[in-house]
Amino acid sequence: MQPVVEMLNIRKEFPGIVANDDVSITLNRGEVLALLGENGAGKSTLMSVLFGLYQPEQGTIRVNGKEVRIPNPNVAGDLGIGMVHQHFKLVHNFSVTENIVLGLEPSRGPILTLKEASARILALSKQYGLDVEPDAKIEDISVGMQQRVEILKMLYRHSEVLIFDEPTAVLTPQEIQELVKIMKNLQAEGKSIILITHKLKEIKAIADRCTVIRRGKVVGTVAVADTSLEQMAEMMVGRQVSFHVEKGPFRPGQVVLNIEGLSVRNSRKLPALKSFSLEVRSGEIVGVAGVEGNGQTELVEALTGLRPSDSGRIVVDGHDLTKASVRQRIDAKIAHIPEDRQKRGLVLDYTLAENFVLENHGRPPYSRNGFLNKEAITAQAEKLIEAFDVRSGEGARSKARGLSGGNQQKAIVGREIDSNPDLLIAVQPTRGLDVGSIEYIHKRLVEQRDAGKAVLLVSLELDEILDLSDRIAVVCRGELVGIVDAKTTNENQIGLMMAGVKTGALD
Amino acid sequence: MNFFFRKELLVGLSAVVLGLAAGAILMAVTGNNPFAGYFYLFAGGLMNLERLGNTLAMATPLILTGLSVAFAFRTGLFNIGAAGQALMGGLVATTLALTLGLPKGLILPIILVAAAAAGALWAWLPGLLKARFNVHEVVSTIMMNWIAYWVTYYTIPTFFKGSFETESRLIPEAASLKIPLLTQLFSGSYINLGLLVSLLAVVVISVVLNRTVLGYRLKAVGYNRFAAEYAGVNVNRHIVASMAIAGALAGLAGATFYVGYTSSMQIGVLPSIGLDGIAVALLASNSPLGVMGSAIFFGILQSGKGFMNAMTKIPPEIGDTIIATIIYFAATSVLIERWFDTMAKNRGGKNRV
């Protein structure tokens with residue numbers, strides 16, 4: 001096979017960090033090459049170099065055997081390289097067709113002629129099994145469909161090399177399966193694909209070869225078929241990784257959180273959580289399982305005070321907090337690892353140190369008489385950075401924005417656990433993280449349980465719920481379908497319950 | 001932090017240098033000698049104590065409106081209503097100065113507090129509208145500007161008509177921020193106690209923004225209101241507080257302008273210190289100390305342009321054009337910053353981290 005893309009000895013530096021150090025990869029025609037690495041390992045940087053977003057300090061790039069320089073994405077496009085970014089670049093109130101032709105609008109004189117474009121998009125969509133409706137508005141279609149629009153954008157521009165940056169991070173399990181099918185179709189039609197990911201199962205499902213990157217360096221390239229998940233995980237993290245979480249004996253204590261008949265409306269004022277009741281005791285992890293958008297977000301927001309509830313009661317340690325403010329709930333020792341770390345969990349333009357005191361900056365020793373105590377804040381930051389292994393370019397002084405997702409999440413987890421809560425509400429605590437970070441965060445959550453805290457875990461990852469929880473509450477359309485014992489249940493039963501089927505084993 | 005500060009400073013200074021260069025080209029194109037032009041421009045602002053005093057007097061309200069805009073901006077709000085807030089501060093100050101017959105030591109604190117309160121009120125309302133109904137503060141503060149304009153337009157001739165229909169009576173000596181000591185020290189210039197007020201405000205705002213819980217929360221709300229809400233900060237209350245503080249600063253600016261720099265209040269003009277405050281804040285990258293520096297620089301240009309015009313054939317509008325050009329370069333400071341970054345990298349990354 002002839003290589004389509006060769007990146008040789010690439011070096012790319014950022015202040016305080018070498019993102020790519022002598023990295024070389026080869027992509028052959030018609031293959032799926034996975035780039036595997038932890039968050040911050042340098043995968044996305046490498047692809048940004050290939051896509052012309054960054055200029056490497058050293059190294060050469062060859063496309064179809066010819067050495068090229070890629071100063072910007074337009075040149076990458078001309079060379080047949082396209083990229084689906086993790087965060088889609090779409091105009092929301094434009095139609096699918098309008099989005100796809102944006103930048104090379106077909107026109108007769110000044111008049112836009114979208115008909116032919118629309119027809120071509122439909123044909124491409126059929127050819128690759130994408131099933132996209134060219135006239136639909138972006139804001140009306142699902143995230144999975146939006147991703148297909150991004151794929152169509154590349155196909156419309158005759159891209160031969162397709163880069164997917166963490167394509168499954170935003171997808172539901174069903175959508176992931178469909179994406180795998182689509183990528184196989186693309187491959188069958190002769191396209192070459194680079195898949196950036198840290199999810200090993202996906203690599204097994206799609207990729208032919210896998211190049212592993214760790215801390216900016218290539219660890220090795222393996223044929224996926226001949227390599228086990230464990231071997232790849234070890235290459236990525238640099239040590240043995242256990243996929244199983246060790247838990248202490250189950251010794252539940254008193255009820256810490258008592259939710260009684262809670263009803264909550266969503267932002268559109270429609271009932272999102274209906275008469276929901278649940279108890280969480282100290283020393284246990286209760287998992288809330290469900291397909292995205294079935295009331296989990298509203299449940300968590302009602303519990304943490306970010307959203308008012310219509311009826312029902314929220315009692316923590318015997319105190320009724322139904323009408324309490326966010327501040328009062330924090331003071332009542334509720335900690336919250338939010339669903340969206342960048343929207344809720346961090347002030348991205350603040351330093352790590354400033355973010356570590358987001359909730360408790362108003363108390364001694366972090367402030368006295370309204371004045372901040374910078375020494376105490378810095379000391380706290382250094383303690384948490386050390387204890388939770390938060391890696392950044394400039395330590396406590398790094399802006400949160402500059403941290404990788406995994407390190408941002410570790411910072412939040414560290415902050416919340418360090419507040420020594422009675423109730424820890426963890427929502428999607430490992431979303432978008434690599435195995436190393438997932439293992440680490442899981443261990444920390446279980447530690448909290450073993451230390452006698454009550455933990456409410458809300459997650460869309462069924463594996464995570466099954467691994468960590470003692471009991472599992474399943475929600476569907478805002479209603480509690482049932483509560484099952486994690487030891488005796490399985491993926492099938494929960495899957496059925498998530499679809500709204502009430503099965504036995506209610507306790 | 002140090003590095004950041006240095007870079008901001010560097011960018012600001014580059015904007016100034018580029019603006020001056022553009023001004024030089026303009027002077028040359030219009031057939032004048034730019035060296036002579038700049039000599040007289042700066043001499044006009046600095047050459048003796050009187051002129052220096054006038055420069056500082058000119059800078060005084062600009063420091064305060066610049067702080068007002070910078071403070072709001074640091075907390076995520078765009079206060080385009082400093083003019084109206086200053087006008088209301090000035091109107092209240094003028095009213096008190098013309099009605100209260102108290103000794104200087106008593107009346108000045110009253111005037112300053114009342115002017116700050118009036119400005120705060122004028123910005124509090126847009127803050128409340130923003131917090132409650134998500135009305136954008138740019139729109140509401142502009143509207144408040146015009147309300148202030150017409151309120152003044154009605155009040156001054158109706159109650160405090162002076163020798164002209166468009167002017168109030170002269171402020172009595174006892175109610176003026178000018179004091180003999182300063183006036184004599186600077187050989188009869190317009191300099192007044194407002195300068196001390198503005199310098200004090202620079203220190204206070206700098207401390208509030210960088211060292212206090214309030215500043216931390218206000219900035220957190222400005223950067224990411226969702227995270228602030230998550231952390232238990234009352235977002236709406238902080239938005240209102242931020243606008244009110246910004247308004248109080250602009251109100252003080254009004255007092256220093258109308259009962260300090262001038263001695264009577266004119267109607268039919270929105271004070272230019274309002275919009276100039278935006279320029280001052282922009283050039284200063286919203287840092288309080290920077291605001292002081294850039295306001296003084298603008299003060300030099302403002303008070304020097306007349307002298308330049310008198311000594312050469314360069315029209316005073318060139319001075320305004322230079323200011324406008326500097327603002328333009330400050331506004332496009334991203335480009336200057338990028339250029340510095342490349343420079344730093346080419347020198348082996350010495351200036352980084």
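**Figure 1. The contact between chain B and chain A in this predicted model.** Chain B brings 16 residues to the contact. Chain A brings 25 residues. On chain B, helix H9 (213–223) and helix H10 (225–230) each supply at least two residues of the side that touches chain A. H9(B) gives the most to that side, with five residues. By type, the residues on the side of chain B that touches chain A are ten nonpolar, three polar and three charged. The model scores ipTM 0.83 and pTM 0.78.

**Figure 2. Confidence along chain B.** The average pLDDT of chain B is 89. A score of at least 70 is reached by 95% of its residues. Residues 348–353 of chain B are a weak stretch, where pLDDT stays under 50. For this stretch the model has eight contacts beyond four places in sequence.

**Figure 3. Strands E3 and E11 of chain A, a parallel pair.** Strand E3 of chain A covers residues 32–36. Strand E11 of chain A covers residues 209–214. Four bridges join the two strands. One partnership to look for is that of Leu35(A), whose bridge partner in E11(A) is Thr211(A). In a regular strand, side chains alternate between the two faces of the sheet.

**Figure 4. Strands E11 and E12 of chain A, an antiparallel pair.** Here E11(A) pairs with strand E12 of chain A, residues 217–223. The pairing runs over six bridges. Cys210(A) has Val222(A), in E12(A), as its bridge partner. E11(A) thus appears in two views: it pairs in the parallel sense with E3(A) and in the antiparallel sense with E12(A).

**Figure 5. The turn of the hairpin of E11(A) and E12(A).** Two residues lie between the strands of this hairpin. In the hairpin, Arg215(A) takes a positive phi, near 45 degrees.

**Figure 6. The fold of chain A around these strands.** Chain A has 17 helices and 24 strands. Its C-alpha trace spans about 70 × 50 × 50 Å along the principal axes. Why does a radius of gyration of 24 Å agree with a compact globule? With 507 residues, such a globule would have a radius near 23 Å, so the 24 Å of chain A agrees. Of these 507 residues, 46% count as buried. Many contacts in chain A reach across the sequence: among those between residues at least 6 apart, 66% join residues at least 24 apart.

How values were computed. Residues numbered from 1 in each chain as written. Chains lettered and ligands numbered in written order. Predicted model: local features only at pLDDT ≥ 70, side-chain atom pairs only at ≥ 80, totals over all residues. pLDDT = per-residue confidence, 0-100. Contact = placed C-beta atoms within 7 Å. Nonpolar A, V, L, I, M, F, W, Y, C, P; charged D, E, K, R; others polar. Pairing = 2+ DSSP bridges. Rg over C-alpha atoms; globule rule 2.2 N^0.38 Å. Buried ≥ 20, exposed ≤ 12 C-beta atoms within 10 Å, placed from the backbone.
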